[in-house]
Amino acid sequence: MALTELKGNELGNQTITIEQGPVRAFAEAVLDDPEKFTGDGAPTPPTWPFVMSYWGSMGAGGAAGLPMDRLRGEGRMILHGEQAFEITTVSYTHLRAHETV
């Protein structure tokens with residue numbers, strides 16, 4: 001069942017500075033070579049933007065600011081199912097270490 005009562009609500013935005021350590025840890029977790037993501041201005045894995053707000057957020061990123069009490073109301077739970085990515089373009093621009101987005 002879709003959650004519709006939050007549709008159209010402003011949930012805010014975040015500013016994130018990309019740090020190389022979490023990028024390397026993420027690359028290793030998804031079985032990519034962390035050495036490819038080392039060095040000044042190193043690229044990030046293409047799927048990094050989906051998780052970057054959760055790294056080092058100290059309660060200010062990730063799910064912070066979302067109405068979790070409403071998302072996890074009575075009889076509800078949040079389930080993240082299997083996800084697959086297919087990068088189909090060679091013109092994909094990687095985010096880079098030390099950028100702020």
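## Close-up views of the predicted model

**View 1. Asp-32 is partly exposed, with a relative accessible area of 25%.** The coordinates shown here and in the views below come from a predicted model. Asp-32 is in a salt bridge with Lys-36, and the closest N and O atoms of the two are 2.8 Å apart. Lys-36 has a relative accessibility of 48%; this value is under the 50% limit for exposed residues, so Lys-36 counts as partly exposed. The whole structure contains two salt bridges.

**View 2. Arg-24 and Glu-35 form a salt bridge.** Their closest N and O atoms are separated by 3.5 Å. Arg-24 belongs to helix H1, whereas Glu-35 is in the loop between H1 and H2, so the bridge ties together parts that lie 11 residues apart in sequence. The relative accessible area of Arg-24 is 25%, which makes this residue partly exposed. Glu-35, at 51% relative accessibility, passes the 50% cut-off and therefore counts as exposed.

**View 3. One aromatic pair is present in the structure.** The partners are Phe-26 and Trp-48, with ring centres 5.5 Å apart; their planes meet at 65°, so the geometry is edge-to-face. Distant parts of the chain are linked by this pair: Phe-26 is in helix H1 (residues 20–29), and Trp-48 is in the loop between H1 and helix H2 (68–71), 22 residues apart. Both Phe-26 and Trp-48 are buried.

**View 4. The largest nonpolar core consists of nine residues.** Both partners of the aromatic pair, Phe-26 and Trp-48, are members. The other members are Ile-16, Ile-18, Val-23, Ala-27, Phe-37, Met-52 and Leu-95. With residues up to four places away in sequence left out, Leu-95 touches Ile-18 and Met-52 from this core, and its contacts also include Ala-42, Pro-43, Pro-49 and Val-101.

**View 5. Thr-44 sits in the loop between H1 and H2.** What is the relative accessibility of Thr-44, and is the residue buried or exposed? The value is 0%, so Thr-44 counts as buried. Not counting residues up to four places away in sequence, Thr-44 touches Ile-18, Val-23, Phe-37, His-94, Leu-95 and Arg-96. Among these contacts, Ile-18, Val-23, Phe-37 and Leu-95 belong to the largest nonpolar core.

Key
Residues are numbered from 1 along each chain as its sequence is written. This is a predicted model: local features need pLDDT of at least 70, side-chain atom pairs count only at pLDDT 80 or more; totals for chains, interfaces and linings use all residues. Side-chain values use heavy atoms; hydrogens and water are left out. Rings of Phe, Tyr and Trp (its six-membered ring) pair if their centres lie within 6.5 Å; planes under 30 degrees apart count as stacked, over 60 as edge-to-face and the rest as tilted. Helices (H or I, at least four residues) and strands (E, at least two) are DSSP runs, numbered from the N terminus. Buried means under 20% relative accessible area, exposed over 50%, partly exposed in between (1.4 Å probe, protein chains only). A nonpolar core is a set of buried Ala, Val, Leu, Ile, Met, Phe, Trp, Tyr and Cys residues joined through side-chain atoms within 4.5 Å. Contact means heavy atoms within 4.5 Å. A salt bridge is a side-chain nitrogen of Lys or Arg within 4 Å of a carboxyl oxygen of Asp or Glu.
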